[in-house]
Amino acid sequence: MALHLVYSIRGFSACHPRLQQEDVVVLLADGVYCAVNPTAADNTQNADLRVMTDDLEIRGLTTVSGKRIDYPDLVELCTQHTPIISWND
Amino acid sequence: MKFTIAVHGAPYGSFANERALKFCQACVASGHEIVRVFFYHEAVLSGLNSTVPPQDEIDVTQAWADFADTHQTELAVCIANGIKRGVLSDTEQARYDKPSPTLAQPFELVGLGQLIDAMASSDRYVEFPA
Amino acid sequence: MKKMLVIFSTPPYQNSHTVEMLEAAMVGAVFDFQVSLLFRDQGVWCLQNEQNAVSLGRRTVGKVLQAMPAYDVSAIYACAPSVNAAHLDPSRLKPLPQLLEHSAQAILLAEQHFVLSA
């Protein structure tokens with residue numbers, strides 16, 4: 001199954017309809033705003049979401065949905081999934 | 001596991017380089033191998049030897065050079081994308097009769113074939129967009 | 001044979017990335033990767049017929065695209081909902097893409113070893 005690296009709210013909108021059941025979505029860069037603003041991306045509850053802690057802290061965000069991960073976790077996810085797709089809309 | 005890393009975003013115009021560096025560091029710390037880091041689009045500017053970043057900010061080019069030095073990683077700048085954006089090795093500077101070479105050590109100017117070649121021998125390909 | 005998909009999501013003349021990624025697709029095919037292209041969202045405008053970038057002083061994306069089959073990049077897909085949203089007539093797109101719904105795109109993605117995004 002695929003790993004989706006989502007870089008923006010619009011990137012999530014592009015990624016979401018093209019997800020398969022077992023896929024994992026990582027929110028990073030400005031994609032982390034999807035995890036704090038349910039109206040920006042109200043489909044987030046249907047996806048297996050991970051959120052980069054580094055990007056949350058950079059942006060001063062604390063309360064979010066989704067499991068928090070760090071760079072070693074991201075590397076681990078990459079080893080478990082193929083292909084790895086970036087969504088940077 | 002073997003990884004090919006592609007960086008697409010410009011240094012200072014994006015945070016693609018900072019993110020890719022953190023990923024690469026975590027990658028080697030977990031015992032994985034980075035076959036090649038390939039700089040494409042505006043990311044070729046990461047290989048310029050003439051950038052002077054503000055003192056309180058990261059020097060992206062130096063950070064890559066330090067990483068490559070520590071882990072013997074190949075830093076490959078796409079030659080077609082690079083020379084049109086002013087990134088010139090000694091050879092290209094002489095070929096096009098430009099005033100000076102601008103490629104930082106230990107970056108190399110290589111053809112796109114080197115990206116595909118790295119992918120062919122890698123288990124994973126991770127791209128860092130602008 | 002490794003499968004490589006290149007995804008285009010921006011209009012053809014937003015920047016030089018479209019042509020640069022098409023070059024990567026061509027080299028992938030030369031190296032015997034099984035290469036396919038997917039045009040989605042604003043990227044479907046790359047398939048608009050009769051582009052001419054002469055006045056821009058740049059290569060015409062449509063012409064570069066039409067050379068793709070000669071490089072054995074034969075699988076060209078477009079997102080059906082995106083084509084509809086752009087009010088494009090699918091029969092006039094060039095090269096003629098295979099139209100895929102979202103679910104078919106998800107399957108296409110899952111089949112790949114490597115996915116590149118322009």
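**Helix packing in chains A and B**

Author: In this predicted model, helix α1 (residues 16-29) of chain B packs against helix α2 (residues 60-71) of chain B at an angle of about 15 degrees, with axes 11 Å apart. Local features need pLDDT of at least 70, side-chain atom pairs count only at pLDDT 80 or more, and totals for chains, interfaces and linings use all residues. Residues are numbered from 1 along each chain as its sequence is written, and chains are lettered from A in the order in which they are written.

Reader: Why are α1(B) and α2(B) called roughly parallel?

Author: Angles under 35 degrees count as roughly parallel, over 145 as roughly antiparallel, 65 to 115 as roughly perpendicular and the rest as oblique. The angle here is about 15 degrees, so α1(B) is roughly parallel to α2(B).

Reader: Which residues of α1(B) and α2(B) meet?

Author: Contact means C-beta atoms, placed from the backbone, within 7 Å. Asn17(B), Leu21(B), Cys24(B), Gln25(B) and Val28(B) of α1(B) meet Val60(B), Ala63(B), Trp64(B), Phe67(B) and His71(B) of α2(B).

Reader: What makes α3(A) and α1(B) roughly perpendicular?

Author: Their axes cross at roughly 70 degrees and come within 8 Å. The range for roughly perpendicular is 65 to 115 degrees, and α3(A) and α1(B) therefore earn that name. On α3(A), the contact is made by Tyr71(A), Pro72(A), Leu74(A) and Val75(A). On α1(B), Lys22(B), Phe23(B), Ala26(B), Cys27(B) and Ala29(B) make the contact.

Reader: How many residues of chain A and chain B are in contact?

Author: 12 residues of chain A are in contact with 15 of chain B. On the chain A side, α3(A) gives the largest share, 6 residues.

Conventions:
Axes fitted to C-alpha atoms, helices over the stretch in contact; angles between N-to-C directions. Helix = DSSP H or I, 4+ residues; strand = E, 2+ residues; numbered from the N terminus. Contact = placed C-beta atoms within 7 Å.
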